[in-house]
Amino acid sequence: MSAVGLLYVGAVLFLNGLMLLGRIDGKSAGVFNLFIGAIQVITPFYMIFTSGGDAWTIFQASGIFLFGLTYLYVGITNLQGFDTSGVGWYSLWVAVLAVGYAAVNFLHFHDEKFGIIWLMWSFLWTLFFILLALKRNIGAFVGWVTLIQAWVTATIPAFLILIGEWEQVGAGVTEAAAGLVVAGYGVAYALTRRKEPGGVELSS
């Protein structure tokens, strides 16, 4: 995933987290999801067309499609008022594949940092499945997890890549940051255990 694309993934996750917390209207967030979804679909098509048939370039492009199609699906669902179950079940499929992408990053690319990030994305998309397909009342918790991941899995890594500092981040720092993030999830869960009013629609 390009650093610029990853940066704006952080933006759309940030807005979606706020939407789930009831801070942003669902249709307003839906428009931005369409913008980022379009970018995240055009980019991998370009990567594939210019790859010269390189298998790993195509593999990396395929991972971008997972998220680009999510944001397009969310945008259309919000703007048209569709039931969210389709997005939810698609999210489960993404969550399973994300574990595979994490394994490839760990074992083939020896990239522990993005291996951990892919596992975090798998966790988040699993939560989307539970919220949107199974209709569990966990919207506030998912909102906080989405907000956290907007920064730690997308915005901050993308910014560090853009300024040439990403390679200076050691594995120990990454593991420590992951531990803090998990602790943050625990705090968010503890603070949002109360039953939430209303439904679990993407739009607020």
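**Entry: the loop between H4 and H5**

I looked up histidine 110 and found it in the loop between H4 and H5. The model is a predicted one, and I keep that in mind for every entry. The phi angle of histidine 110 is near 55°, which is a positive value in a residue other than glycine. Is histidine 110 buried or exposed? I noted a relative accessible area of 64% for histidine 110, so this residue is exposed, the cut-off being over 50%.

**Entry: the two helices on either side**

Next I turned to H4, residues 85-107, and H5, residues 112-132. I read an angle of about 165° for their packing, and their axes are 7 Å apart. Angles over 145 degrees count as roughly antiparallel, so I wrote down H4 as roughly antiparallel to H5. The crossing in which H4 passes H5 is left-handed. I then sorted the residues of this contact by kind: 18 are nonpolar, seven are polar and one is charged.

**Entry: H5 against H6**

I repeated the lookup for H5 and H6. Their axes cross at roughly 155° and come within 10 Å. H5 and H6 are therefore also entered as roughly antiparallel to each other. For handedness, I noted a left-handed crossing of H5 and H6.

**Entry: the loop between H5 and H6**

I looked up lysine 135, whose place is in the loop between H5 and H6. Lysine 135 has a phi near 60°, a positive value in a residue other than glycine. Its relative accessible area is 33%, so I put lysine 135 down as partly exposed.

How many salt bridges does a search of the whole structure find? The search finds one. Lysine 135 forms this salt bridge with aspartate 83, and the closest N and O atoms are 3.2 Å apart. Aspartate 83 sits in the loop between H3 and H4, and lysine 135 in the loop between H5 and H6, so the pair ties together parts that are 52 residues apart in sequence. I checked aspartate 83 for accessibility as well: at 44% it counts as partly exposed.

**Entry: the nonpolar cores**

I then went to the inside of the model. The largest nonpolar core has 40 residues. Among those with the most contacts inside it are Leu13, Phe67, Tyr71, Trp118, Trp121, Trp125 and Phe128. Helix H1 (3-20), helix H3 (55-80), H4, H5, helix H6 (139-162) and helix H7 (171-191) each supply at least two residues of this core. Which helix gives the largest share of this core? I found that H5 does, with 12 residues. There is also a second, separate core of five residues, and I listed Leu18, Met19, Ile24 and Ala29 among them.

**Entry: two pairs far apart in sequence**

Last, I looked up two residues in helices and a partner for each.

Glutamine 80 is in helix H3. At 54% relative accessibility, glutamine 80 counts as exposed. I paired glutamine 80 with lysine 27: they are 53 residues apart in sequence and 8.6 Å apart in space, C-alpha to C-alpha.

Alanine 190 is in helix H7. With a relative accessible area of 53%, alanine 190 is exposed. I paired alanine 190 with phenylalanine 141, and the two are 49 residues apart in sequence and 8.9 Å apart in space, again C-alpha to C-alpha.

Terms used. Residues numbered from 1 in each chain as written. Predicted model: local features only at pLDDT ≥ 70, side-chain atom pairs only at ≥ 80, totals over all residues. Heavy atoms only, no water. Axes fitted to C-alpha atoms, helices over the stretch in contact; angles between N-to-C directions. Helix = DSSP H or I, 4+ residues; strand = E, 2+ residues; numbered from the N terminus. Parallel < 35°, antiparallel > 145°, perpendicular 65-115°, else oblique. Left-handed = near helix turned anticlockwise from the far one by under 90°. Nonpolar A, V, L, I, M, F, W, Y, C, P; charged D, E, K, R; others polar. Core = buried A, V, L, I, M, F, W, Y, C linked by side-chain atoms within 4.5 Å. Buried < 20%, exposed > 50% of the residue type's maximum accessible area, 1.4 Å probe, protein only. Salt bridge = Lys/Arg side-chain N within 4 Å of Asp/Glu carboxyl O.
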